[in-house]
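Trainee: Hi! Could you walk me through this structure while I have it open?
Mentor: Happy to. Let's get it on screen.

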Amino acid sequence: MTFDGSRYVSNAVKALPPSGIRKFFDLAAQMENVISLGVGEPDFITPWHIIESSFYSAERGHTSYTSNLGLLELRQAISDYLEAKHGVGYDPTNEVLVTTGVSEALDVAIRTLVSPGDEVIVIEPCYVSYKACVLLAGGTPVIVDTHVDNGFRVTAEDIASRLSDRTKAIVLSYPNNPTGAVMDCATLQRIAELAKERDLIVISDEIYSELTYEGTHTCIAALPGMRERTVLLNGFSKAYAMTGWRIGYACGNKHIIGGMMKIHQYTMLCAPIIAQKAAIEALRYGEEAKQRMVAEYDQRRRFIVERLNAIGLTCFEPTGAFYAFPSIAASGMTSEEFCNELLREQSVAVVPGNAFGACGEGFVRCSYAASLQEISEAVTRMERFLADHAR
Amino acid sequence: MREDILRILDENDQVDPATIATMLGATEDEVRATIAELEKSKAIVKYHALVNWEKVNDDLVQALIDVKVSPQRDVGFDQIAERIYRFPEVKSVYLMSGAYDLSVAVQGKSLKDVASFVATKLATLDHVLSTTTHFILRKYKEEGVILDDKAELKRLVVSP
């Protein structure tokens, strides 16, 4: 009798839908010479001073475990940065947890907060992990859709209409992947009021906060009464082009961070020290390199939005992250048809909007973390693609 | 806006004014006018391709020459610098602080070619006191660009 491994996979994991991106990735990976606007990471290499400094530490023997919470020096630097940037400081001894990317911080935060049966508000379209993490924790994700007519922003009313007695938390992720939407301060204030009134925790994934092109980013934890109520997640991947280092952090109330630390110590022990050293260097000396990258994304953003609109893929103006999220209504196709055919016929990879939630249907995510030449060529090919299918 | 335009063109002079205008949220006319002004004031000196000659011609030789000179009354180093930079073999001339006065980059078809230029043209100029010639063996980075092909970013084609 042959061994059937699938019999041993738990029902919870079996029930988990595979990421919509995964399917598309397998398809794209088989093709050659693809121009990709499908990548959710910077096209820059980590600034050399960060690599050099981290490797130097390793050479001097900094290759051990660290405190479960992370190096105190890094936690202090994170606290100082948040205080200076957003006016919200944390006690580095018990309110900051360094994690293996924001991905881990998110999982640990949800597992710390959610008991079986609890409901968590997830605002779509959004990054693929939120719903899955809630399900894995035995919770129930309650989806709130956002739409292009409101710039893919969520309102307090949208959230209020989906609350129940079991609602425990709201996951916010602005600037948003995949839409590039950002939240205005006034709307966030109303959401903060709602959270206080209904006694909810806000898990705020602000990994793209540094990539805000117009106005300044409002950190919800900095709003009155929200510091205790918010689990603030952020990291180094996007702002400093450090995706591969896997380094993020969570800040919040000491009891919640303490709970998160328990899971973290049993499952991860600590974030890699080499990456923690790199993160310290990034916070100390990375400002200039970061600003240079942000300025460049901003130029590409303007370029891609104008080009997409010009070829008939209507695109609302994204003011954060590095994604444009045009409507593909002009093509008459579904998001998946559009992406599959575009890849097959023109060798251009973009990601179907429905991979980020059902309300992303009819849109595609185009990352502008690619060179100007690549963006330009990709959009030209998309124009050709639309012309071919217009007939 | 001037500095933004210069930064874009410094990186890639093939980007057309309409694209630059879009990238900066300006009008094409504004960009064209600014570029014209920058060209006129010689802030933009010329448009050129950065060529890695080692890829096409193994024999080309470049040398950096430390030149000690005696400055002249009224004109200082300017006159002797001019006498040197007017030679087409000379790629660049910098006035330096420190152990010598002028740093002169010279390109020639062969080692002999460069040596002969130094011996017959450069060292014999009035006011040149001494020269020290360093031949360049390999260029790793030029004008901010790493010439090594292996430094390439490898990302997944699609990622969340």
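Mentor: One term before we start: helices and strands here are DSSP runs, with at least four residues for a helix and at least two for a strand, numbered from the N terminus. Also keep in mind that this is a predicted model.
Trainee: Thanks. Where does B:V104 sit, then?
Mentor: B:V104 belongs to strand β3 of chain B, which covers residues 102-108.
Trainee: And is B:V104 buried or exposed?
Mentor: Buried. A residue needs 20 or more other C-beta atoms within 10 Å to be called that, and B:V104 counts as buried because it has 24 C-beta neighbours inside 10 Å.
Trainee: Which residues does B:V104 touch, leaving out those up to four places away in sequence?
Mentor: The list is B:I65, B:V67, B:I84, B:V90 and B:V93. Take B:I65: it is 39 residues from B:V104 in sequence, yet their C-alpha atoms are 5.0 Å apart in space.
Trainee: Switching to chain A. How is chain A divided?
Mentor: Into two domains: domain 1 is 11-46 + 288-386, and domain 2 is 48-286. The C-alpha centres of these two domains of chain A are 24 Å apart.
Trainee: How many residues does each domain of chain A put into the contact?
Mentor: Domain 1 of chain A supplies 35 residues and domain 2 of chain A supplies 38 residues.
Trainee: On the domain 1 side, which element gives the most?
Mentor: That's α11(A), with 7 residues. Both α11 (287-310) and β9 (323-324) of chain A supply at least two residues to that side. By class, the side of domain 1 of chain A that touches domain 2 of chain A has 21 nonpolar, 9 polar and 5 charged residues.
Trainee: What angle does α11(A) make with α13(A)?
Mentor: About 10°, with the axes 10 Å apart; α13 of chain A is residues 372-390. Angles under 35 degrees count as roughly parallel, so α11(A) and α13(A) are roughly parallel to each other.
Trainee: Which residues make that contact?
Mentor: From α11(A), A:R300, A:F303, A:I304, A:R307 and A:L308; from α13(A), A:L372, A:I375 and A:V379. By class, the contact of α11(A) with α13(A) has 6 nonpolar, no polar and 2 charged residues.
Trainee: Last one: how many residues do chain B and chain A each bring to their contact?
Mentor: Chain B brings 13 residues and chain A brings 23 residues. The chain B side that touches chain A divides into 8 nonpolar, 4 polar and 1 charged.

Methods:
Residues are numbered from 1 along each chain as its sequence is written. Chains are lettered from A and ligands numbered from 1 in the order in which they are written. This is a predicted model: local features need pLDDT of at least 70, side-chain atom pairs count only at pLDDT 80 or more; totals for chains, interfaces and linings use all residues. Domain bounds come from an automatic or database domain assignment. Two residues are in contact if their C-beta atoms, placed from the backbone, lie within 7 Å. Ala, Val, Leu, Ile, Met, Phe, Trp, Tyr, Cys and Pro count as nonpolar, Asp, Glu, Lys and Arg as charged, and the others, Gly among them, as polar. Axes are lines fitted to C-alpha atoms, for helices over the stretch in contact, and angles run from 0 to 180 degrees between N-to-C directions. Angles under 35 degrees count as roughly parallel, over 145 as roughly antiparallel, 65 to 115 as roughly perpendicular and the rest as oblique. A residue is buried if 20 or more other C-beta atoms lie within 10 Å of its own, exposed if 12 or fewer, and partly exposed in between; C-beta atoms are placed from the backbone.
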